[in-house]
Amino acid sequence: MPFLLRVTSNHLPASTIEPAPHTSARARVVTGALLGGTMLLGVPAIVTRLSGAHPGTIAEIGIFGLGILTAAFILGSAAEAAQKDISRALALAFLAFIAVLPEYAVDLYFAWRAGDDIQYAHYAAANMTGGNRLLVGLGWPMVLAIFYWRGRRASMTLHLPRRVSLEVTVLAAATVYSFVLPLKGDISLADTAALGALFVLYLWLAGRHPVEEPELEGPAEVLAGLPTRWRRLAVAVLFLWAGGVILASSEPFAEALVRTGEEFGIDEFLLVQWLAPLASESPEFLAAGYLVYRGAADAGMTALISSKVNQWTLLIASLPVAFAVSSRSLGALPMDARQTEEVFLTAAQSAFALTLLLQLRLSPLRAIPLAGLFLAQLVMPQSGVRYGFAFAYLALALFMLVKDGRHLPSIVRWSVMSEHPPG
C-alpha cells in the first residue's frame, strides 16, 4: 500500500506544502459518512460468509471481491492515521504488516490450501506473479501518464528523490535473488530466510533516515485531526472491521475464482493471476494516482516502488511459511513448468523495471516499452511466448545497464546514508 514507506511532505513541491488546517466539523461529518459507507459495502461479504449462502460463483466473486477492495481502502486510511500514535521504527514494521493483508490474503490462502491439496500451489504462484507484473507494468506508466496530463508539461520526465535509492537497491538485491527460484523449481524456507532478512534490512535502513512528518490527505487527515482518545478508538474499530472483512472474504473469493474457471471453461490460472490482484491493488493505484494529481508525482511513484519491494520480498517470503504450517512439514512449495515460466518472466520484468530507475527518473521512452510489453503479455499468454517476453525484458535490461550502470554505485551509496545530499 502507498502508505508503507516515506510518503511525506518532503516529497512535495514547495508550492504545495501548506500548514495543515484543523479539520472542520463538516469535514469530519463527510469523512465519517465516507468511511461508514465504505464499511457498509463490506457487510454483504460478512453476511454471506456467516450465513453459509452460496449465491453463485459470479455473485460470490463480486461480493467477496468488493469486500477485499473496501477493506484495503479502510486499512490504508486507518494505518496512515495511526502514524500519529506510534514511533517511526514501530510504524515501519507495523505498517509493513498491515500493507500485506489485502494484497496477500488470497495468495496466502492458496499457499495454505496447497498443504492439503498440492494443486493449489499452482494458484499461489499465479496470484503472486500477477500482482507484481500488474503493479509495474500498469502502475508505473499510469503515474507518468497522470503526471503529464495533470501538468500539460513540455517535459514528461519525472525526477525521483534520492531517498528512493534505498528502494532501488533493495529491489536490485531481491531481483537478482529471484532468478534462483525458477532454477530450483520451488520456493522454500531458505528463500523465506533470505528474502525476509532483506526486508528486515530494508526496514532498518529506512528507520535510520530522518523522521519526517507525514503529509496526510482525505480520510487519514481527518482521522489524525481527532482528539487522541477518539482517534485511537476510530483507528482500532477500522482495523478490526477491515481485518474481519478480509478474513471473511479471502477464502470464498479464492475458491469462487477457481470454480468460475471450471464452470465456464476459463483458465483458472489466468483468473487468479489477474482478477484477484485487480481487487487488492485498486486502492493502491487510486491512492498513487491521487498523489500525482495533487502535484506530488514523485510521492506517488515512490509509493508504487515501495510496494514492489514489499511484494518482491515479504510476499514471496511468506508463501513457504503458510505452506509449511499447513502441511506440517519443512517441505518447499513446488512450482511446475508453467509456474516456473511465470516466475522467470516476472523476475525479468523486475530486472528491466529496475534498470529504468538507475538515473532516478522516468520518461515516456522508458515507460512505453514497460507498458507495451505488459499489455502484449495479456493477449499472448502462451508458454513459448512467455519465455520470449522474458528474454526481451532481459535484453532491454542489459542495454539499460550498459547505458546507465555507472549510476549504480551512487544509488547503493545513497541507500545506506541516513542523510541524503540535496537533489
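1. A salt bridge is a side-chain nitrogen of Lys or Arg within 4 Å of a carboxyl oxygen of Asp or Glu. Keep that cut-off in mind for E341 and R386, whose closest N and O atoms are 2.8 Å apart. The distance falls within 4 Å, so the two form a salt bridge. Please remember throughout that this is a predicted model.

2. Where do E341 and R386 sit in the chain? E341 is in helix 13 (residues 337-356), and R386 is in helix 15. The two are 45 residues apart, so this pair links distant parts of the chain. Helix 15 itself covers residues 383-404.

3. Are E341 and R386 buried or exposed? Both are buried. For R386 the relative accessible area is 6%. Buried means under 20%, so R386 qualifies.

4. Look next at what surrounds R386. Leaving aside residues up to four places away in sequence, R386 touches R338, E341, E342, L345 and P381. Its salt bridge partner E341 is among these contacts.

5. The bridge between E341 and R386 also belongs to a network. Salt bridges with shared partners join R133, D267, R338, E341, E342 and R386. Trace these residues in the structure as one network.

6. How many salt bridges does a search of the whole structure find? The count is 12. One of them joins the side chains of E251 and R49, at 3.3 Å from N to O. E251 belongs to helix 10 (residues 228-264) and R49 to helix 2 (residues 43-51). They are 202 residues apart, and the pair links distant parts of the chain. E251 is partly exposed, with a relative accessible area of 34%. R49 is partly exposed too, at 33%.

7. Helix 10 also takes part in a salt bridge between E60 and R259, at 2.8 Å from N to O. E60 lies in helix 3 (residues 57-82), while R259 lies in helix 10. The separation is 199 residues, and again distant parts of the chain are linked. Check the accessibility of each partner. E60 counts as buried, at 4%. R259 counts as partly exposed, at 27%.

8. Now the aromatic residues. The whole structure holds 10 aromatic pairs. Take F199 and Y202: their ring centres are 6.0 Å apart and their planes meet at 65°. Why is the pair edge-to-face? Planes over 60 degrees apart count as edge-to-face, so 65° fits. Both residues are in helix 8 (residues 189-207). They are 3 residues apart, so about one helical turn separates them. F199 and Y202 are both buried.

9. Y109, F110, Y120 and Y123 make up one aromatic cluster. Y120 has a further partner to note: the charged end of R113 sits over its ring, 4.3 Å from the centre. A similar arrangement involves K308 and W312. The charged end of K308 sits over the ring of W312, 4.3 Å from its centre.

10. Finally, turn to the surface. Which residues make the nonpolar surface patch of about 430 Å²? They are L138, L375, L378, V379 and M380. Helix 14 (residues 364-379) gives the most, with 3 residues. L375 is in helix 14. Its relative accessibility is 46%, so L375 counts as partly exposed. Patch residues need over 30% relative accessible area, so L375 passes that cut-off.

Key:
Residues are numbered from 1 along each chain as its sequence is written. This is a predicted model: local features need pLDDT of at least 70, side-chain atom pairs count only at pLDDT 80 or more; totals for chains, interfaces and linings use all residues. Side-chain values use heavy atoms; hydrogens and water are left out. Patches are made of residues with over 30% relative accessible area and no salt bridge: like charges are joined within 9 Å, nonpolar side chains (Val, Leu, Ile, Met, Phe, Trp, Tyr) within 5 Å. Accessible areas come from the Shrake-Rupley method with a 1.4 Å probe; for residues, only the protein chains shown count as cover. Helices (H or I, at least four residues) and strands (E, at least two) are DSSP runs, numbered from the N terminus. Buried means under 20% relative accessible area, exposed over 50%, partly exposed in between (1.4 Å probe, protein chains only). Rings of Phe, Tyr and Trp (its six-membered ring) pair if their centres lie within 6.5 Å; planes under 30 degrees apart count as stacked, over 60 as edge-to-face and the rest as tilted. A charge sits over a ring if NZ of Lys or CZ of Arg is within 6 Å of the ring centre and within 35 degrees of the ring normal. Contact means heavy atoms within 4.5 Å.
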